[in-house]
Amino acid sequence: MGRAYQNRKESIAKTATAKSRVYSKYGREIYVVAKSGGADPDTNISLRGLIDRARKDQVPAHVIANALDKASGVGGEDYSPARYEGFGPGNCMVIVECLTDNPNRTFGDVRNCFTKCKVKIGAPGTTAHMFDHCAIFSFAGDDEDVVLEALMEADVDVTDVEVENGMVTVFAPHTEYANTKQALVAAFPDIEFETDEIQFVAQNSMDMPEDDIPMMEKFLDMLEDCDDVQRVYHNANF
């Protein structure tokens, strides 16, 4: 079995509130990426990948356009990244990534999720050393040697290339995201990415004890309901 990374194909939100929350998270992330790297997807490869994911997750065009317009203007929101680490139900390792305009509020909201689920938030570095920060690209294919050769010819620092169930997955250091994507597109012009993003990938996974699964589901739901939380990574199988 290959590395366990999170497929960002999210299930379609069943309620208007849930959809609005997904749209808001994407809008905030698009704003931050465009603000830092430019609002033109043709020159900001990270933004281009993010917009592609948003469209796959059925985020309306006006949400994307509004975020780009804000990033192109002067002033507006001033979001910064925040990351929290700790141990979840069953003692699994957890990383919570946020974008916030009020760190005190965000920390309080995230800590409340840990406290109400009787688990412990830790200091920076508590669990991150047990995850790899990876650029991940997956696409249809069955020949890892051809892919690896193309990346090596482009002088890309690749961590691993895997093939499973007709899908090729490329792992690279997160700092190599742009180089890796550009090399893949250049080598395979018709490529369509199933996964195209940067994630924390657990170095080792654990099977969640059955008794802890309901609390884990509650914990993840509570974090998902926090407006400032963008993504949650963990090493639990359940």
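What follows is a working chat about a predicted model, taking in its helices, strands and side-chain pairs.

Biologist: Before we start, what kind of model is this, and what does UniProt list for residues 79-236?

Modeller: This is a predicted model, and for residues 79-236 an unreviewed UniProt entry lists "domain: TACO1/YebC-like second and third". In the model that span is 30% helix and 38% strand, and its end C-alpha atoms lie 30 Å apart.

Biologist: Let's take helix H3 then; what span should its twelve residues have, and how far apart are its end C-alpha atoms?

Modeller: Helix H3 covers residues 61-72, and because each residue should add 1.5 Å, the expected span is 16 Å, which agrees with the 16 Å between its end C-alpha atoms.

Biologist: Which residues of H3 are buried?

Modeller: Val-63, Ile-64, Ala-67, Leu-68 and Ala-71 are the buried ones in H3. Seen down the helix axis, the buried residues of H3 fall within an arc of 130°, so they line one face of the helix. The general background is that an α-helix has 3.6 residues a turn, so residues three or four places apart point the same way.

Biologist: And which residues are exposed on the other side of H3?

Modeller: On that other side, Ala-61, Asp-69 and Ser-72 are exposed.

Biologist: Switching to strands, how many residues of S4 are buried?

Modeller: Strand S4, residues 131-140, is mostly covered, with seven of its ten residues buried.

Biologist: Which strands does S4 pair with, and over how many bridges?

Modeller: S4 pairs in the antiparallel sense with strand S7, residues 193-202, over nine bridges, and also in the antiparallel sense with strand S6, residues 167-173, over seven bridges. To give you a residue to look at in each pairing, His-133 has Phe-200 in S7 as its bridge partner, while Phe-137 has Val-170 in S6 as its bridge partner.

Biologist: What joins S5 to S6?

Modeller: Strand S5, residues 160-164, runs antiparallel to S6 and is joined to it by five bridges, with Glu-162 having Thr-169 in S6 as its bridge partner. S5 and S6 form a hairpin with two residues between them, and Asn-165 in the turn has a positive phi of about 55°.

Biologist: On to charges: how many salt bridges does the structure hold?

Modeller: The structure holds eight salt bridges. One of them joins the side chains of Arg-231 and Glu-29, at 3.1 Å from N to O. That pair links distant parts of the chain, with Arg-231 in strand S9 (residues 229-234) and Glu-29 in helix H1 (residues 16-37), 202 residues apart.

Biologist: Are Arg-231 and Glu-29 buried or exposed?

Modeller: Arg-231 is buried, and so is Glu-29.

Biologist: Where do Glu-97 and Arg-83 lie?

Modeller: Those two form a salt bridge, the closest N and O atoms of Glu-97 and Arg-83 being 3.8 Å apart. Glu-97 lies in strand S2 (residues 93-100) and Arg-83 in strand S1 (residues 80-87), so the pair ties together parts that are 14 residues apart in sequence.

Biologist: Why does Glu-97 count as buried, and how is Arg-83 classed?

Modeller: Glu-97 has a relative accessible area of 19%, and because the cut-off for buried is under 20%, Glu-97 falls just inside that class. Arg-83, at 41% relative accessibility, counts as partly exposed.

Biologist: What about Asp-196 and Lys-181, where do they lie?

Modeller: The side chains of Asp-196 and Lys-181 meet in a salt bridge of 2.6 Å, N to O. Asp-196 is in strand S7 and Lys-181 in helix H6 (residues 177-187), 15 residues apart, and both residues are buried.

Biologist: Which residues are linked in a network of salt bridges?

Modeller: The network links Arg-28, Asp-101, Arg-105 and Asp-228. Arg-105 also has its backbone nitrogen 3.1 Å from a polar atom of the side chain of Asn-102.

Biologist: Where does Asn-102 lie?

Modeller: Asn-102 lies in the loop between S2 and helix H4, residues 103-116, and at 31% relative accessibility it counts as partly exposed. Asn-102 and Tyr-79 are 23 residues apart in sequence, with 8.2 Å between their C-alpha atoms.

Biologist: Last one: is Thr-106 buried or exposed, and what joins its side chain to that of Thr-100?

Modeller: Thr-106, which is in helix H4, counts as buried at 1% relative accessibility, and a polar contact of 2.5 Å joins its side chain to that of Thr-100.

Note on methods. Residues numbered from 1 in each chain as written. Predicted model: local features only at pLDDT ≥ 70, side-chain atom pairs only at ≥ 80, totals over all residues. Heavy atoms only, no water. Helix = DSSP H or I, 4+ residues; strand = E, 2+ residues; numbered from the N terminus. Expected span 1.5 Å × (residues − 1). Buried < 20%, exposed > 50% of the residue type's maximum accessible area, 1.4 Å probe, protein only. Arc of directions from axis to C-beta. UniProt positions renumbered as here; feature names shortened; annotations may be inferred. Pairing = 2+ DSSP bridges. Salt bridge = Lys/Arg side-chain N within 4 Å of Asp/Glu carboxyl O. Polar contact = N/O pair within 3.5 Å; in protein donor to acceptor, adjacent residues only side chain to side chain.
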